[in-house]
Amino acid sequence: MNYNQLSINLSKELEYKLKQMVPFLKPTLIYEDDVTKVHLEDLKQLGVEGLILDLDNTIMAPKSARLDPPVKSWLDIMKKNFKIVVLTNNKRAFYLEAVRQVLDLPVIGFAKKPWSFGIHEALDILKLSNDKIAVIGDRPLTDTWLGQRFGFKTVLVKALTADIEPRWKYFLRKLEWSFIKR
Ligand SMILES: [Mg+2]
């Protein structure tokens, strides 16, 4: 059996099992592009006043602690218009501190999305009702699911590194996006 066949069989079996466990996820907005294409006006029209941003692959390449210029420009506009917190499942305190310095935003780690561990801290900072908050992230099963559970608006974007990632990651990503109802 070659790798592609294995992927397909595994995909069907996994998809079947996961779909029994996970509700269908319907993001408020889906962008077939990275976060920099998320329009300010789209968010304003939804009545959004605050953002919960995912970190890895949404606004930074994983483990980089580096903000690409296009993302920085996008973030500068968003900072002028919204209250923002960054919520990540990343657990490395040293790395999170570096990210905090680069972003100049509150960064909450150990969030265990889609569960609620980091959410209360995020809500304390934003001080907004849940329907005025949008979660922006690249992962349906963490970011979108979390948003759906808390009544936030949800914005699903393509991963920043989607074009350069290894094949197995691409496969998992496709599988995860199969939960999305458009
Ligand atoms: Mg992510």
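This report describes the fold, sheet, core, one helix and several backbone features of a predicted model.

## Overall architecture

The protein contains seven helices and six strands. Along the sequence these elements follow the pattern α-β-α-β-α-β-α-β-α-β-α-β-α. The radius of gyration is 16 Å, close to the 16 Å that the globule rule gives for 182 residues, so the protein is as compact as a globular protein of that length. The C-alpha trace spans about 55 × 30 × 30 Å along its principal axes.

Of the 182 residues in the protein, 32% are buried. Among contacts with a separation of 6 or more, 65% are made by residues 24 or more positions apart.

## The parallel sheet

The strands form an open sheet of six, with parallel pairing and the order β1-β6-β5-β2-β3-β4. At the edges stand β1 (residues 29-30) and β4, each with a single partner strand, so one side of each is left without a neighbour in the sheet. Strands of a sheet pair through backbone hydrogen bonds, in either a parallel or an antiparallel manner.

Two of the pairings can be followed at the level of residues. Strands β2 and β3 pair in the parallel sense over four bridges. Within this pairing, Ile52 has Val85 of β3 as its bridge partner, and Leu53 has Val86 of β3. The pairing of β3 with β4 is also parallel and rests on two bridges. Here Val86 stands opposite Val107 in β4. Val86 is thus a bridge partner of Leu53 and also faces Val107. In addition, β2, α3 and β3 make a right-handed β-α-β unit.

## The nonpolar core

In soluble globular proteins, nonpolar side chains tend to be buried together. The largest nonpolar core of this model has 34 residues, and those with the most contacts inside it are Ile52, Val86, Ala134 and Ile136. Strand β5 provides the largest share of this core, four residues. Two of the residues with the most contacts inside the core, Ile52 and Val86, have already appeared in the sheet: Ile52 as the bridge partner of Val85, and Val86 as that of Leu53.

The surroundings of Ile136 can be listed in detail. Leaving aside neighbours within four places in sequence, Ile136 is in contact with Val35, Val38, Leu51, Leu53, Asp54, Thr58, Val155 and Val157.

## Helix α5

Helix α5 comprises residues 119-126, and its buried residues are Ile119, Ala122 and Leu126. These residues cover an arc of only 60° around the axis, which puts them on the same side of α5. The cover over them includes β2 (50-53), β3 (83-87), β4 (107-108), β5 (133-137) and α6 (140-150). The face turned away from the buried side carries the exposed residues His120 and Asp124.

Glu121 also belongs to helix α5. With 15 C-beta neighbours inside 10 Å, Glu121 counts as partly exposed. Its C-alpha atom is separated by 9.5 Å from that of Leu87, although the two residues are 34 residues apart along the chain. Just after α5, Lys127 takes a positive phi of about 50°.

## Backbone features in the loops

The loop between β2 and α3 (69-81) includes Asn57, and Lys63 is placed in the loop between β2 and α3 as well. Asn57 has a positive phi of about 75° although it is not a glycine. Phi of Lys63 is also positive, near 65°, and this residue too is other than glycine. Their surroundings are set out by the neighbour counts. Asn57 has 22 other C-beta atoms within 10 Å and is buried, whereas Lys63 has 10 C-beta neighbours inside 10 Å and counts as exposed. The cut-offs are 20 or more for a buried residue and 12 or fewer for an exposed one.

A further backbone feature occurs in the loop between β4 and α5, where Pro114 lies. The peptide bond from Lys113 to Pro114 is cis, with omega near 10°.

Conventions: Residues numbered from 1 in each chain as written. Predicted model: local features only at pLDDT ≥ 70, side-chain atom pairs only at ≥ 80, totals over all residues. Arc of directions from axis to C-beta. Contact = placed C-beta atoms within 7 Å. Pairing = 2+ DSSP bridges. Right-handed = clockwise from strand over helix to strand, strands pointing away. Rg over C-alpha atoms; globule rule 2.2 N^0.38 Å. Core = buried A, V, L, I, M, F, W, Y, C linked by C-beta atoms within 7 Å.
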